[in-house]
Amino acid sequence: MGDFFERIVDVQVTGDEAGPLAERMVDWMVSEGLITRETSGDGVYSLTVDQGHVPGPDWVRAVADASDSDRRPGPVAVVVGRDHHVGGQGADDAEYAICPRCRTKTVIIEYPEEFEADEEVWRPFRDGIAAWKETGEGSAPCSACGASVPVTEWQWEPNFAVGALAFDFWGWPPLSAGFCAQFSRRLGHRIVGHMGKS
Ligand SMILES: [Zn+2]
């Protein structure tokens with residue numbers, strides 16, 4: 001155990017707001033008894049941080065099924081900074097993206113024939129994401145309608161997200177839908193959930 005994670009990505013917060021928002025969310029989760037201020041690197045394999053918050057006495061309140069509650073989950077790592085996040089164990093690139101303007105789906109990895117991104121198709125997205133990481137702004141053009149769409153507005157496949165704030169729950173049982181909804185309300189932003197293995 002320990003190498004499974006469940007992740008919540010805030011896909012709307014800006015890079016500047018992410019740090020203060022992360023602190024408020026930690027304060028809230030501590031006050032709810034879900035995590036503590038104590039940190040540990042045990043079983044944490046997050047992108048840019050190697051420490052997370054140790055679960056609090058009431059961590060079971062965040063999960064869907066607490067029947068396995070004698071098994072204490074791992075730390076919750078808080079990842080602040082503009083980045084792209086991938087779930088599962090698949091490729092580092094998105095399989096597809098849907099244009100929020102015209103709803104056209106741009107396929108980037110042609111499963112099952114291909115397992116890697118079509119370089120030609122992926123390049124403008126990758127460049128847009130790189131620019132966004134660097135400056136906070138980056139777009140990729142839609143090949144169907146021609147709109148230049150910010151990378152934070154493209155609707156990515158479920159295992160891919162770009163965001164400036166992510167919470168990695170290491171070794172936790174599945175989080176409840178109620179908790180995720182409450183979490184999103186607290187953030188004040190739309191979230192994307194990932195499950196995967198490091
Ligand atoms: Zn479009």
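Mentor: Helices (H or I, at least four residues) and strands (E, at least two) are DSSP runs, numbered from the N terminus. This is a predicted model, in which local features need pLDDT of at least 70, side-chain atom pairs count only at pLDDT 80 or more, and totals for chains, interfaces and linings use all residues. Residues are numbered from 1 along each chain as its sequence is written.

Trainee: How many helices and strands are there in the protein chain?

Mentor: From the N terminus on, the elements run β-α-β-β-β-β-β-α-β-β-β-β-α-β. The protein chain therefore has 3 helices and 11 strands.

Trainee: Which strand or helix gives the largest share of the largest nonpolar core?

Mentor: A nonpolar core is a set of buried Ala, Val, Leu, Ile, Met, Phe, Trp, Tyr and Cys residues joined through C-beta atoms within 7 Å; a residue is buried if 20 or more other C-beta atoms, placed from the backbone, lie within 10 Å of its own. The largest such core has 50 residues, and Val9, Leu21 and Leu165 are among those with the most contacts inside it. Elements that each supply at least two of its residues include helix H1 (15-31) and strand E10 (160-170). The largest share, 9 residues, comes from E10.

Trainee: Where does this core lie with respect to domain 1 and domain 2?

Mentor: Domain bounds come from an automatic or database domain assignment. Domain 1 (4-83 + 162-197) and domain 2 (96-156) both give residues to the core, so it lies between them.

Trainee: Which residues does Leu21 touch, beyond those up to four places away in sequence?

Mentor: Two residues are in contact if their C-beta atoms lie within 7 Å. With residues up to four places away not counted, Leu21 touches Val13, Leu165 and Leu187.

Methods. A residue is buried if 20 or more other C-beta atoms lie within 10 Å of its own, exposed if 12 or fewer, and partly exposed in between; C-beta atoms are placed from the backbone.
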